[in-house]
Amino acid sequence: MSRRLPLLLVHGGAGLRELTALQADCLTQALVDGYAKLRSGGAAIDAVEAAVRVLEASGLFNAGLGSNRQLDGVQRMDASIMEGRDLRAGAVASIEGVLHPIAAARHVMDETAHVLVVGEEATKFAKHLGLAAPSRRGQRQIGPSQHRVLRPSAKKTWQLYREMQQSGHLRWAALGKETVGAVALDRSGTVAAGASTGGVDIMLPGRVGDSPLIGCGVYADNHSGAVSMTGLGECIIRIGVAKELCDRLETGASPAAAARAVLQKLVSRVRGSAGLIVLTPDGRFAIRHTTPRMAAGYWNGKGKPVVTDRFK
């Protein structure tokens, strides 16, 4: 597929679940809000952040407000963002009590000399910048709350995890969970990528997946393209999927061919399951997944945004 500049793609996760009408509307709104940045001449990085923020705030996906809780009952979230002109990147991992982890990742990129900040200090950094999730009566709460009081002991948490691991449930628990992400191309030819997640259904406290790891869950380079991943994070990490895909693009592979080859490698080498959105600086793009479904969409500003959950 090819589109003129500018261009925005979003995803709401790859897995087993059918896209709901509410989720489809939310993905459409993310495309509309993100593309508004591009339409006015804004940067790709701004479009990515704007689109992901819509998905985080919705509570409809496994990111931001809708994030999973780890086995101790606490939401710990991961996010990253990257732009392709200067290879700038920022990420946070195991962050708590923040509605927009993607915004915290953007602050790491823009306001520090670091790429990745994690855990309690990442949470303090985000809250210092005013990113704490508002607490309002009648709304779902994000991060630690009454769940802190009910938190099981480390021993019981480990026992529960081992039981689920031995039952074979862990692998399937990750499928259908709606990690979110976006990639964008602006009028200057710069690409950007981002991702935000609440992890998987069953995870030990402190577990971190691919989404905050540059080169695994996201990558963006004006010499190749931009990628945002979703799926079994542990498998994506072991292949370094996002960077490998961009390397293939740089050698001349099309987005569809590069995506197909890397996903085949993911399946054959580590029995992984994943989906991805990828675009190049000349406006070519692909949406591919090894799972039954992948909630995603794209828009070049003409007609209506395209949103569906099957791209095979």
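This passage walks through the overall make-up, the strands around β3, the salt bridges and the unusual backbone angles of a predicted model.

Starting with the big picture, the protein is built from nine helices and 12 strands. Of its 312 residues, buried ones make up 58%. The exposed surface comes to about 12900 Å², and carbon and sulfur atoms account for 50% of that. As for how the chain folds back on itself, take the contacts between residues at least 6 apart in sequence: 69% of them join residues at least 24 apart.

Strand β3 is a handy place to zoom in. The strand spans residues 89-95, and seven of its seven residues are buried, so it is mostly covered, given that buried means under 20% relative accessible area. On one side, β3 runs antiparallel to strand β2 (residues 77-83), with five bridges joining the two. Within that pairing, Ile 81 has Gly 90 of β3 as its bridge partner. The β2 and β3 hairpin has five residues between the strands, and here Leu 87 adopts a positive phi near 60°.

β3 also pairs with β4, this time in the parallel sense and over three bridges. Ala 91 sits opposite Leu 116 of β4 in this arrangement. Helix α3, covering residues 101-111, joins the two strands in a β-α-β unit, and the unit is left-handed.

Leu 116 turns up again at the surface. The residue belongs to strand β4 (residues 116-118) and, with a relative accessible area of 39%, is partly exposed. Together with Val 115 and Val 118, Leu 116 forms a nonpolar surface patch with about 230 Å² of accessible area in total. So Leu 116 clears the 30% relative accessible area that patch membership asks for, since its own value is 39%.

Now for the charged side chains. In general, side chains of opposite charge can pair when their charged atoms come close. The model has 17 salt bridges by the distance rule used here, and three of the pairs are described below.

One of these bridges links Glu 49 to Arg 53, with 3.6 Å between the closest N and O atoms. Both residues are in helix α2 (residues 44-58), and a spacing of four residues puts them about one turn of the helix apart. Their surroundings are not alike in burial class: Glu 49 is buried at a relative accessible area of 13%, while Arg 53 is partly exposed at 32%.

A second bridge has the side chains of Glu 120 and Lys 124 meeting at 3.6 Å, N to O. This pair is also four residues apart, about one turn, within helix α4 (residues 119-128). Glu 120 counts as exposed because its relative accessibility is 57%, and Lys 124 is partly exposed at 45%.

The third example is the bridge between Lys 265 and Glu 244, whose closest N and O atoms are 3.0 Å apart. Here the pair ties together distant parts of the chain, with Lys 265 in helix α9 (residues 255-270) and Glu 244 in helix α8 (residues 241-250), 21 residues apart. Lys 265 is partly exposed, at 26% relative accessibility, whereas Glu 244 is buried, at 16%. Some bridges also share partners: Asp 46, Glu 49, Arg 53, Glu 83, Arg 88, Arg 106 and Asp 110 are joined into one network in this way.

Finally, a word on backbone angles. Most residues other than glycine have a negative phi. Ser 94 goes against that pattern with a positive phi of about 55°, despite not being a glycine. Its place is in strand β3, and Ser 94 is classed as buried because its relative accessibility is 11%. Arg 271 likewise has a positive phi, near 55°, and is not a glycine either. Arg 271 lies in the loop between α9 and β9 (274-279) and is exposed, with a relative accessible area of 59%. The two positive phi values thus occur in contrasting settings, because Ser 94 is buried and Arg 271 is exposed.

Conventions. Residues are numbered from 1 along each chain as its sequence is written. This is a predicted model: local features need pLDDT of at least 70, side-chain atom pairs count only at pLDDT 80 or more; totals for chains, interfaces and linings use all residues. Side-chain values use heavy atoms; hydrogens and water are left out. A salt bridge is a side-chain nitrogen of Lys or Arg within 4 Å of a carboxyl oxygen of Asp or Glu. Buried means under 20% relative accessible area, exposed over 50%, partly exposed in between (1.4 Å probe, protein chains only). Patches are made of residues with over 30% relative accessible area and no salt bridge: like charges are joined within 9 Å, nonpolar side chains (Val, Leu, Ile, Met, Phe, Trp, Tyr) within 5 Å. Accessible areas come from the Shrake-Rupley method with a 1.4 Å probe; for residues, only the protein chains shown count as cover. Two strands pair if DSSP finds at least two bridges between them. A crossover is right-handed if, with the strands pointing away from the viewer, the path from the first strand over the helix to the second runs clockwise. Contact means heavy atoms within 4.5 Å.
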